Amino acid sequence: MSKILADIQHLSASYGSAQVLSDINFQVLEGQNWAIVGSMGSGKTTLAKALTGRLFRKGDVSFFQEGISTSKVYWIEQQHRFKNRSNVSDFYLQQRFNSQDSEDAYTILEELAEEDADAMYAWLDVFHLTELAHKPLIQLSNGENKRLQLVKALLKQPDWLILDNPFLGLDVQGREILSQCLAKLSQLHIHFILISSAMELPDTVTHVMVLEHGQSVWQGEKQAYEQQKKHLVKFNVTGWKSKLNELIRTKEDFASFEWAIRMKDVQVKYGDKVVLTGFNWEVRKGDKWLIHGPNGAGKSTMLSLISADNPQAYAQNLVLFDRKRGSGESIWDIKKRMGYVSPEMHLYFRAPGTVREVISSGLFDIMGLGKRMSMDQSGRVEAWMEVMGLGHLSDRNFQQISTGEQRMVLLIRALVKNPPLLILDEPCQGLDENQIQHVKDLLDYMSNQYEFTLLYVSHYESDVPSCVTQRKSMV
């Protein structure tokens with residue numbers, strides 16, 4: 001009979017008076033690796049926290065190593081956190097692109113200075129981080145930071161890891177590296193439970209549990225799950241096209257332009273580190289571009305010049321909306337014509353308030369709250385939530401909804417004013433297949449209804465809407 005490696009019985013968990021998980025039961029046996037999947041808001045991250053004792057729980061949770069009960073169980077969360085030399089951990093998006101703030105940030109080697117040197121270099125090599133060892137943490141890409149969090153956890157010599165969507169933000173090579181590392185973890189008898197998208201189930205996963213509304217609705221072998229997973233997905237939005245037609249007809253009238261973006265011989269560097277050099281690109285009004293390339297290729301830096309978040313934009317030969325950057329326009333003149341979402345924005349978006357209030361901030365181009373909406377603006381926000389199937393979250397606290405729901409809210413925030421330029425950097429991270437298809441259908445339908453310019457970043461070909469017809473490769 002196979003040994004029991006983990007035994008979870010009658011697990012329930014709540015946030016205050018709101019119960020999120022109810023009567024979760026499963027066992028992990030020797031030779032098994034489990035993945036937990038489900039639609040956004042189904043309770044996956046809450047389950048990860050409950051399994052590692054990060055929130056109050058009821059029921060029995062036991063993990064074993066070599067037949068002995070162990071408490072060396074570590075949770076690797078989706079969003080990474082760190083402090084700089086000034087002992088500050090509350091950063092804002094623009095700090096990432098300031099040279100002064102980069103100098104105040106620890107490097108990878110400094111962050112890991114107290115760890116065993118041999119083990120540190122070994123894991124850095126495994127996760128392809130050795131060449132980045134002297135890079136400031138604040139300048140790491142989303143995927144690079146994810147790999148660093150895995151290294152930090154492994155240096156604690158855990159018996160178990162609870163991995164919350166570790167594949168999010170990783171490029172093709174990064175996903176291959178992680179899959180190989182998960183196989184190596186199994187060989188080293190470091191067990192794991194993977195919280196994951198149904199589309200990111202590595203070969204090492206043998207069993208799957210599906211969560212829906214905080215309950216286990218299906219459990220079984222991975223092969224059986226693959227055969228029927230389409231029948232287990234619940235997300236569906238109806239009637240959204242008629243609602244969207246009303247929103248498009250009432251969109252703001254932005255001044256016309258011929259060129260959305262013109263960049264010539266752009267160079268960005270931080271100290272001796274050159275991120276972009278001799279970069280040239282032109283985007284006409286109405287173009288739909290896919291921007292692709294590996295983690296660390298400079299995609300986020302390039303987009304930060306366009307979105308007015310990088311102060312080095314003033315020193316560049318950069319034209320936005322037919323006007324040279326630095327010729328008297330304000331940041332707000334630029335931002336009012338853009339809708340923007342990215343993993344970095346998500347990481348640094350700490351504003352309190354309800355979902356409705358966070359979306360409304362997109363109407364005023366602010367990262368926080370504070371402006372009161374008119375009745376028309378309020379109606380627009382509510383209608384967009386219905387279009388995206390999130391009307392039920394309107395009055396929920398943004399910081400207390402799931403990470404996938406937060407990503408959808410920030411996507412609505414980018415869309416809410418129907419801007420002439422949309423910058424969507426990995427907009428489908430953390431969404432399931434039906435939700436991704438809805439986002440693609442929405443952008444394709446919008447493209448047929450009115451002219452807007454789209455910059456779309458993704459590591460996944462399957463996430464790219466069909467309206468995208470041009471490609472910019474960054475290496």
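This report walks through a few spots in a predicted model: two buried polar residues, one helix, some ring contacts and the cysteines.

**His207 and Lys135**

Let's start with His207, which is found in strand E9, the run covering residues 207-212. Is His207 buried or exposed? Its relative accessibility is 14%, so His207 counts as buried, the cut-off being under 20%. As for what surrounds His207, leaving aside residues up to four places away in sequence, the contacts fall into two stretches of numbering: Gln32, Asn33, Trp34 and Ala35, and then Gly220, Glu221 and Lys222. There is also a polar contact with Thr206, side chain to side chain, at 2.8 Å.

Lys135 has a loop address instead, between helix H4 (117-126) and helix H5 (142-154). Being in a loop doesn't leave Lys135 out in the open: with 15% relative accessibility, Lys135 counts as buried. Which residues does Lys135 touch, once those up to four places away in sequence are set aside? The list is Tyr106, Thr107, Ile108, Leu140 and Glu144. For a longer-range reference point, take Val274: 139 residues separate Lys135 and Val274 in sequence, yet their C-alpha atoms are 12 Å apart in space.

**Helix H12**

Next up is H12, a helix spanning residues 355-364. How many of its 10 residues are buried? The count is 8, so the helix is mostly covered. Those buried residues are Val355 at the start, then Val358, Ile359, Ser360, Ser361, Gly362, Leu363 and Phe364. What do they pack against? Two other helices do the covering here: H13 (375-387) and H14 (403-415) both take up contacts with the buried residues of H12. Right after H12 comes Asp365, with a positive phi near 60°.

**Rings and charges**

Now for the aromatics. The count of aromatic pairs comes to 9. One of them is Trp123 with Phe127, a tilted pair with 6.2 Å between centres and 40° between planes. Both Trp123 and Phe127 are buried. Trp281 and Trp289 make up another pair, this time edge-to-face, with the centres 5.3 Å apart and the planes at 90°. Trp281 is buried because its relative accessible area is 5%, and Trp289 is buried too, at 11%.

Two charged side chains also sit over rings. Arg337 lies over the face of Phe321, while the charged end of Lys472 is placed over the ring of Phe279. Here are the ring contacts side by side:

| Partners | Arrangement | Distance to or between ring centres |
|---|---|---|
| Trp123 and Phe127 | tilted, 40° | 6.2 Å |
| Trp281 and Trp289 | edge-to-face, 90° | 5.3 Å |
| Arg337 and Phe321 | Arg337 over the ring face | 5.0 Å |
| Lys472 and Phe279 | charged end over the ring | 4.9 Å |

**Cysteines**

Last, the sulfurs. How many disulfides does a search of the whole structure find? The answer is 0. Why is Cys428 without a bond to another cysteine? The closest cysteine sulfur belongs to Cys467 and is 12 Å from the sulfur of Cys428, which is too far for a bond because a disulfide needs the two sulfurs within 2.5 Å. Cys428 counts as buried, with a relative accessibility of 4%. Cys181 also counts as buried, at 4% relative accessibility.

How values were computed: Residues are numbered from 1 along each chain as its sequence is written. This is a predicted model: local features need pLDDT of at least 70, side-chain atom pairs count only at pLDDT 80 or more; totals for chains, interfaces and linings use all residues. Side-chain values use heavy atoms; hydrogens and water are left out. Helices (H or I, at least four residues) and strands (E, at least two) are DSSP runs, numbered from the N terminus. Buried means under 20% relative accessible area, exposed over 50%, partly exposed in between (1.4 Å probe, protein chains only). A polar contact is a pair of N or O atoms within 3.5 Å; within protein, one must be able to donate a hydrogen and the other to accept it, and residues adjacent in sequence count only if both atoms are side-chain atoms. Contact means heavy atoms within 4.5 Å. Rings of Phe, Tyr and Trp (its six-membered ring) pair if their centres lie within 6.5 Å; planes under 30 degrees apart count as stacked, over 60 as edge-to-face and the rest as tilted. A charge sits over a ring if NZ of Lys or CZ of Arg is within 6 Å of the ring centre and within 35 degrees of the ring normal.
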